[in-house]
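Trainee: Could we go through this model together? I would like to start with the general picture and then look at single residues.
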Amino acid sequence: MQCDKFFEAMSKLIGDQEFEDDLDSTFQFEITKDGKTSIWTIDPANKKIVKGGVDDPTCTFAMSDDDFMKLMTKEAQAAELFMTGKLKLDGDMGEAMKFQSVMEGFDDDEVRAKLQSKL
């Protein structure tokens, strides 16, 4: 799955990123493709990404591998995917909104180029 390559690349970069001091949420992703599910969790406070997930994530996002990649490459917006049922959310919606600030930490040209080179 493309998401696996994305998270593996992100896990090498997350230690260098700066996040908001009060961000202690964990963001779990359950990504599906061809009947298989890949689970990853982003833990910004501890600057780590966990394959297989964690016991009690703050919020869980479920979507297809294709939609996940569209979201991460900005070909689609989270609100659009959510409103059309392509993105499902379990957990605290307010905390889920903070995920955008996490991704903004990865949103500079150098980081984007490193991520794209791994995909």
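Mentor: Of the 119 residues in the protein, 40% count as buried, where buried means under 20% relative accessible area, exposed over 50% and partly exposed in between (1.4 Å probe, protein chains only). This is a predicted model, in which local features need pLDDT of at least 70, side-chain atom pairs count only at pLDDT 80 or more, and totals for chains, interfaces and linings use all residues. Residues are numbered from 1 along each chain as its sequence is written, and side-chain values use heavy atoms, with hydrogens and water left out.

Trainee: What does the secondary structure come to?
Mentor: The protein has 6 helices and 5 strands, and along the sequence they follow the pattern α-β-β-β-β-α-α-β-α-α-α. Helices (H or I, at least four residues) and strands (E, at least two) are DSSP runs, numbered from the N terminus.

Trainee: In what order do the strands form the sheet?
Mentor: The 5 strands form an open sheet in the order 3-2-1-4-5, with mixed pairing. Two strands pair if DSSP finds at least two bridges between them. Strand 3 (48-51) and strand 5 (88-91) stand at the edges with a single partner strand each, so one side of each has no neighbour in the sheet. From one strand to the next, the twist averages 20°. Axes here are lines fitted to C-alpha atoms, for helices over the stretch in contact, and angles run from 0 to 180 degrees between N-to-C directions.

Trainee: Parallel or antiparallel: in which sense do strand 4 and strand 5 pair?
Mentor: Strand 4 (residues 59-64) pairs with strand 5 in the antiparallel sense, over 4 bridges. Ala62 stands opposite Lys88 in strand 5, and Cys59 has Gly91 of strand 5 as its bridge partner. Strand 1 and strand 4, on the other hand, pair in the parallel sense over 6 bridges. There, Phe29 stands opposite Phe61 in strand 4.

Trainee: And helix 2, which strands does it lie across?
Mentor: Helix 2 lies across strand 1 and strand 4, running at about 110° to strand 4. Helix 2 (residues 65-72) is mostly covered, with 6 of its 8 residues buried. Those buried residues are Asp65, Asp67, Phe68, Met69, Leu71 and Met72. After helix 2 comes Lys74, which has a positive phi, near 65°.

Trainee: Turning to the interior, how many residues has the largest nonpolar core?
Mentor: The largest nonpolar core has 23 residues, and Phe7, Phe29, Ile42, Phe61, Met63 and Phe68 have the most contacts inside it. The elements giving two or more residues to this core are helix 1, strand 1, strand 2, strand 4 and helix 2. A nonpolar core is a set of buried Ala, Val, Leu, Ile, Met, Phe, Trp, Tyr and Cys residues joined through side-chain atoms within 4.5 Å.

Trainee: What is Met63 in contact with, beyond its neighbours in sequence?
Mentor: Leaving aside neighbours within four places in sequence, Met63 is in contact with residues including Phe29, Ile31, Phe68, Leu71 and Leu87. Contact means heavy atoms within 4.5 Å.

Trainee: Ile31 is in that list; why does Ile31 count as buried?
Mentor: Ile31 counts as buried because its relative accessibility is 0%. Its place is in strand 1. Not counting residues up to four places away in sequence, Ile31 touches Met1, Cys3, Ser38 and Phe68, among others. The C-alpha atoms of Ile31 and Phe68 are separated by 7.3 Å, although the two residues are 37 residues apart along the chain.

Trainee: What about polar residues: where is Ser38 placed?
Mentor: Ser38 is in strand 2 (residues 36-43) and counts as buried because its relative accessibility is 6%. Its side chain joins that of Trp40 in a polar contact of 3.0 Å. A polar contact is a pair of N or O atoms within 3.5 Å; within protein, one must be able to donate a hydrogen and the other to accept it, and residues adjacent in sequence count only if both atoms are side-chain atoms.

Trainee: Which side chain does Thr41 join in a polar contact?
Mentor: Thr41, also placed in strand 2, joins the side chain of Gln28 through its own side chain at 2.8 Å. Thr41 is buried, with a relative accessible area of 1%.
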